[in-house]
Amino acid sequence: MSLFSSIRMAANTLQTDQIALQVIAQNIANANTPGYIREEVVLTPAPTFRYGGLLLGLGVRVEAVIQKIDHFLEERLRGAVSDKTSAEAQEETYLELEQLLGELSETDLSSRLNAFFSSIAEVLNQPESRSVRNLVVLQGQTLASEISRLANRVNEIRAAVNGRVTQMADDINRLLEEIRTLNIRITETEGGSVSKSHAVGLRDQRLKALEKLAELISIRVEEQDNGSVTVYCGADYLVSEGFARQVEVAKSTDRGLSISNIQLVDTQSPLDTQSGRYYGLVYARDQILGGFLDQLDDFARTLIFEFNKIYASGQGLVGFQQLTSQAQVDATDKPLNQVGLSFTPVNGSFQVLVYNRKTGLTKTTDIRVDLNGIGRDTSLEDIVTALNAIDGIRAEITPNRGLSIRSTSPDLEFSFAHDTSGLLAALGLNTFFTGSTALSIGVNRLVAADPALFAASRGGIGADTDNAVELARFLDVPLAAKNGDSLAVLYDRLVSGVTQGSAISQAVAEGARTFEATLRGQKLALSGVSIDEEAVRMITFQRQFQAAARFIAHLSELFEVLVSI
């Protein structure tokens with residue numbers, strides 16, 4: 001082996017040690033840099049050369065500088081990040097709902113319900129007192145206001161969540177463009193599949209962008225031979241080498257709210273994501289908050305219609321001289337169960353009581369509501385005809401297709417009783433509550449203006465308090481329309497659904513956070529920088545560098561001897 005070959009071998013060693021020490025310095029410098037992946041040198045024996053009949057080596061050389069990374073672990077971590085952000089979005093929504101309900105506080109909805117029905121029970125003790133009946137009206141207004149407030153607040157939260165979904169489209173597009181640009185720069189820097197070294201700084205940036213994207217939507221990443229990555233969301237690709245697809249916001253309407261969903265621009269197909277903050281927010285908006293609103297609406301509708309069905313069969317301390325229905329029909333000549341009423345009447349009948357103040361006599365007339373589907377079913381026009389056949393009252397259809405009834409003499413008052421059809425409650429005649437949803441529930445303005453109209457009696461105007469007895473125990477009465485569940489059961493189900501959902505979402509979110517932390521620990525152990533380990537490597541290459549330098553010094557002395565001969 002010639003002296004020149006030995007010098008060349010030593011030079012290779014010095015160059016290799018210099019590069020290795022530079023990589024170590026890079027690692028130490030970025031020990032606390034977020035997202036930094038530890039670098040390492042890949043060493044390989046230098047090529048051999050022939051010396052006579054021998055093949056001799058030329059030392060060592062650096063084959064590549066690569067990131068110390070486990071791509072399978074990175075994919076699992078991105079999945080864990082998506083699951084965590086989705087779970088946290090749902091957890092946050094449930095916590096807001098729990099705070100909004102304020103259960104077990106003095107102002108929660110259950111307290112309002114109990115106060116309302118307790119005030120009705122007070123009417124039994126003082127049936128002639130208008131102030132006691134006025135308290136019922138006030139408690140009813142408070143209850144209706146609380147239900148409406150709750151619905152409004154949930155809609156406000158839904159709108160806020162939807163706003164976050166709308167803004168997310170720009171974030172997704174920005175990250176897709178960043179990944180696309182980094183794909184190009186990495187491919188150019190690494191020279192496609194020619195170089196074995198990694199464009200480490202650029203790859204760190206791309207890893208951070210991919211993780212941020214995974215926070216928003218669930219993605220799958222496949223690295224190509226040329227160093228670029230292809231990003232998928234479900235079956236759709238979002239980034240492929242130097243090309244990125246864009247997303248946009250698609251508007252639609254759900255439960256009265258204009259909502260946003262994200263779709264691909266070129267195909268108008270929705271993003272097929274099963275986790276990530278976008279999925280969590282959409283689920284929170286449509287399932288958690290939307291589902292709660294559906295339950296609250298069902299609760300309010302049940303309270304309105306079932307309470308009004310009992311109430312409409314009663315009479316107050318005074319009767320009516322003029323009354324107009326709260327609801328209107330789509331057509332006056334069609335069966336009453338097919339005219340678009342918010343509540344549907346059934347086959348049955350009701351009574352009209354006409355009371356003469358002078359004589360003290362009451363005339364009772366039965367009005368048949370035929371809705372059995374056999375022959376001609378009853379329409380609003382038929383009801384008007386039947387009412388006009390009663391002496392002392394006149395009925396007509398209003399211009400907006402409602403029903404108006406009036407007495408023909410100042411001495412006559414009318415009221416209603418024994419409604420088995422639910423028509424009075426469906427039309428809004430002699431009812432306590434108005435509206436048909438949680439947002440629209442209210443108290444009848446006629447009763448609010450004159451609490452003496454509160455229908456506590458069943459035996460005639462001001463005769464008894466039998467109807468108040470039924471109304472006072474309504475909260476716990478099994479309802480046939482709800483398969484035997486009472487209003488109290490419906491409310492408990494509403495609250496327990498939120499409580500249980502919140503507990504589950506917190507458990508899922510905590511599990512997702514723990515799993516992500518575990519994977520981050522594994523990543524840190526593999527890809528993180530340990531100052532102690534780098535110090536050991538630094539000393540190793542330093543000693544190797546010193547030995548190579550001393551070897552060169554000895555070669556220099558030999559070379560001088562050779563020259564002097």
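Start by selecting helix 5 (200–216) and helix 11 (487–527): each of them supplies at least two residues to the lining of the largest pocket. Keep in mind during the tour that this is a predicted model.

**Stop 1: the largest pocket**

With those two helices highlighted, which one gives the most to the lining? Helix 11 does, with four residues. The pocket has a volume of about 410 Å³. To centre your view on it, select Thr33, Pro34, Gly35, Tyr36 and Lys523, which are the closest to its centre among the 17 residues that line the pocket. Now try colouring the lining by residue class: you will find seven nonpolar, five polar and five charged residues around this largest pocket.

**Stop 2: the second largest pocket**

Next, move to the second largest pocket, which holds about 220 Å³ of space. Its lining is made of 18 residues, and those nearest the centre are Gln326, Ala327, Phe343, Ala426 and Gly435. To see the elements around this pocket, select helix 6 (276–311), helix 8 (423–427) and strand 17 (433–434), which each give two or more residues to its lining. Helix 8 gives the most here, with three residues. Keep the colouring by class switched on: how many charged residues does the lining of the second largest pocket have? It has no charged residues, with eight nonpolar and ten polar ones making up the lining.

**Stop 3: asparagine 430, between helix 8 and strand 17**

Stay in this part of the chain and select asparagine 430, in the loop between helix 8 and strand 17. If you have a backbone torsion display, switch it on. Most residues other than glycine have a negative phi. Asparagine 430, however, has a positive phi near 55°. Is asparagine 430 buried or exposed? Its relative accessibility is 5%, so it counts as buried, the limit for that class being under 20%.

**Stop 4: glutamate 241, another positive phi**

Leave the torsion display on and jump to glutamate 241, in the loop between strand 7 (236–240) and strand 8 (243–244). Phi is positive here too, at about 50°, although glutamate 241 is not a glycine. With a relative accessible area of 40%, glutamate 241 is partly exposed.

**Stop 5: serine 415 in strand 16**

Now select serine 415, which you will find in strand 16 (residues 412–417). Serine 415 counts as buried because its relative accessibility is 3%. What does it touch once residues up to four places away in sequence are set aside? Show Gln315, Gln351, Val352, Leu353 and Ile461, and you have its contacts. For a distance to draw in the viewer, pick the C-alpha atoms of serine 415 and leucine 429: they are separated by 9.8 Å, with the two positions 14 residues apart along the chain.

**Stop 6: aspartate 286 in helix 6**

Go back to helix 6 and select aspartate 286, which lies in it. This aspartate counts as buried, at 15% relative accessibility. Its contacts, leaving aside neighbours within four places in sequence, are Arg158, Asp254, Arg255, Ile259 and Gly291.

**Stop 7: glutamine 139 in helix 4**

Next comes helix 4 (residues 130–190), where you can select glutamine 139. Its relative accessibility of 22% makes it partly exposed. Beyond its neighbours within four places in sequence, glutamine 139 is in contact with Ala115, Phe116 and Ser119. Now draw a line from its C-alpha atom to that of threonine 189: these two residues are 50 apart along the chain, and their C-alpha atoms are separated by 74 Å.

**Last stop: zoom out**

Finally, clear your selections and show the whole protein as a cartoon, with its twelve helices and 18 strands. How spread out is it? The radius of gyration is 40 Å, well over the 24 Å that the globule rule gives for 565 residues, so the protein is more spread out than a compact globule. Turn it along its principal axes and the C-alpha trace spans about 155 × 45 × 30 Å.

Colour by accessibility next: 47% of the 565 residues count as buried. If you prefer a surface, the accessible surface comes to about 26,400 Å², and carbon and sulfur atoms account for 51% of it. A contact map makes a good closing view: among contacts between residues at least 6 apart in sequence, 70% join residues at least 24 apart.

Terms used. Residues are numbered from 1 along each chain as its sequence is written. This is a predicted model: local features need pLDDT of at least 70, side-chain atom pairs count only at pLDDT 80 or more; totals for chains, interfaces and linings use all residues. Side-chain values use heavy atoms; hydrogens and water are left out. On a 1 Å grid over the protein atoms alone, a cavity is a set of points where a 1.4 Å probe fits but cannot get out, and a pocket is an open set with protein on both sides within 12 Å along at least five of seven lines; lining residues have an atom within 4 Å of a point. Grid points are joined across faces, edges and corners, and a volume is the space filled by probe spheres set on the points. Ala, Val, Leu, Ile, Met, Phe, Trp, Tyr, Cys and Pro count as nonpolar, Asp, Glu, Lys and Arg as charged, and the others, Gly among them, as polar. Buried means under 20% relative accessible area, exposed over 50%, partly exposed in between (1.4 Å probe, protein chains only). Contact means heavy atoms within 4.5 Å. The radius of gyration is taken over C-alpha atoms; the globule rule is 2.2 Å times the number of residues to the power 0.38. Accessible areas come from the Shrake-Rupley method with a 1.4 Å probe; for residues, only the protein chains shown count as cover.
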